[in-house]
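Me: I would be grateful for a close look at a single part of this structure. Please explain where that part lies, what surrounds it, and how the rest of the chain is arranged about it.

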Amino acid sequence: MINVQNEKDKCHLKLVVDQEIDRIRYYHCMAGLQSIVMDIGEQLRSDSSKPTILEIAGYIGSEEERFALLMGMVAGPDQKLSQRAAWAVSHCLDAFPELAAPHMDIMLELLRMDMHDAVHRCILRSFESIEFPERLHGR
């Protein structure tokens, strides 16, 4: 669960997460991906082994829609799901760093929030393979 220190951060995070949720809902409508959310979410809830995480990362591949769903799980309220999804995100970005571009803002915001260290560690690890846009330098 995310603990926010002040009201400004709380409002900003809500805006960023709401935008991510809207993007996820859009993909659900356009591609009929409801079953994918359930499959990935159930896999992450039921097993936290490295083979499962790698299987999920392989399933997501370079699919932007599937990756957006996974990012929604990272930003979600379920702490265990968030940790496991962040681990899968880091493996996805190792193989396909271009997937991070639309999600850079939320990844940076998640680092500012009081989340489990595993989420921060996985996000920071994924930054190794990402080229930051100039607009985010210094943030």
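**Ser 82 and its surroundings**

Reply: Ser 82 lies in helix α5. The model in which this residue is examined is a predicted one. Ser 82 has a relative accessibility of 2%, and because buried means under 20%, this residue counts as buried. Beyond its neighbours within four places in sequence, Ser 82 is in contact with Met 73, Val 74, Gly 76, Met 115 and Val 119.

Two of these partners, Met 73 and Val 74, are among the buried residues of α4. The others buried in that helix are Phe 67, Ala 68, Leu 69, Leu 70, Met 71 and Gly 72. Why is α4 described as largely enclosed by the rest of the structure? The reason is that eight of its eleven residues are buried.

The wider setting may now be considered. The protein has seven helices and zero strands, and its pattern along the sequence is α-α-α-α-α-α-α. It contains 139 residues, of which 43% count as buried. Of the contacts with a separation of 6 or more, 70% join residues 24 or more positions apart.

In soluble globular proteins, nonpolar side chains tend to be buried together. In this model, the largest nonpolar core has 33 residues, and those touching the most other members are Leu 44, Phe 67, Leu 70, Leu 93 and Met 107. Two or more residues are given to this core by each of α2 (34–46), α3 (50–60), α4 (64–74), α5 (79–95), α6 (104–112) and α7 (117–126). The helix that holds Ser 82, α5, supplies the largest share, seven residues. Phe 67 illustrates how parts of the chain meet: leaving out residues up to four places away in sequence, Phe 67 touches Ile 60, Val 89, Cys 92, Leu 93, Leu 99 and His 103.

Helix α5 also packs against α3. The axes of α3 and α5 come within 9 Å and cross at roughly 55°, and the two helices are therefore oblique to each other. The crossing of α3 past α5 is right-handed. On the α3 side the contact is made by Lys 50, Ile 53, Leu 54, Ile 56, Ala 57 and Ile 60, and on the α5 side by Arg 84, Trp 87, Ala 88, His 91 and Cys 92. Sorted by class, this contact has eight nonpolar, one polar and two charged residues.

Asp 117, located in helix α7, offers a contrast to Ser 82. Its relative accessibility is 56%, and because exposed means over 50%, Asp 117 counts as exposed. The C-alpha atom of Asp 117 is separated by 8.6 Å from that of Gln 83, although these residues are 34 residues apart along the chain.

Helix α7 in turn meets α6. Their axes come within 9 Å and cross at roughly 140°, and α6 and α7 are therefore oblique to each other. The crossing of α6 past α7 is left-handed. From α6, Met 107, Leu 110 and Leu 111 take part in the contact, and from α7, His 120, Ile 123, Leu 124 and Ser 126. This contact has five nonpolar, two polar and no charged residues.

To return to the part in question, Ser 82 is a buried residue of helix α5, and α5 gives the largest share of the largest nonpolar core.

Notes
Residues numbered from 1 in each chain as written. Predicted model: local features only at pLDDT ≥ 70, side-chain atom pairs only at ≥ 80, totals over all residues. Heavy atoms only, no water. Core = buried A, V, L, I, M, F, W, Y, C linked by side-chain atoms within 4.5 Å. Buried < 20%, exposed > 50% of the residue type's maximum accessible area, 1.4 Å probe, protein only. Helix = DSSP H or I, 4+ residues; strand = E, 2+ residues; numbered from the N terminus. Contact = heavy atoms within 4.5 Å. Axes fitted to C-alpha atoms, helices over the stretch in contact; angles between N-to-C directions. Parallel < 35°, antiparallel > 145°, perpendicular 65-115°, else oblique. Left-handed = near helix turned anticlockwise from the far one by under 90°. Nonpolar A, V, L, I, M, F, W, Y, C, P; charged D, E, K, R; others polar.
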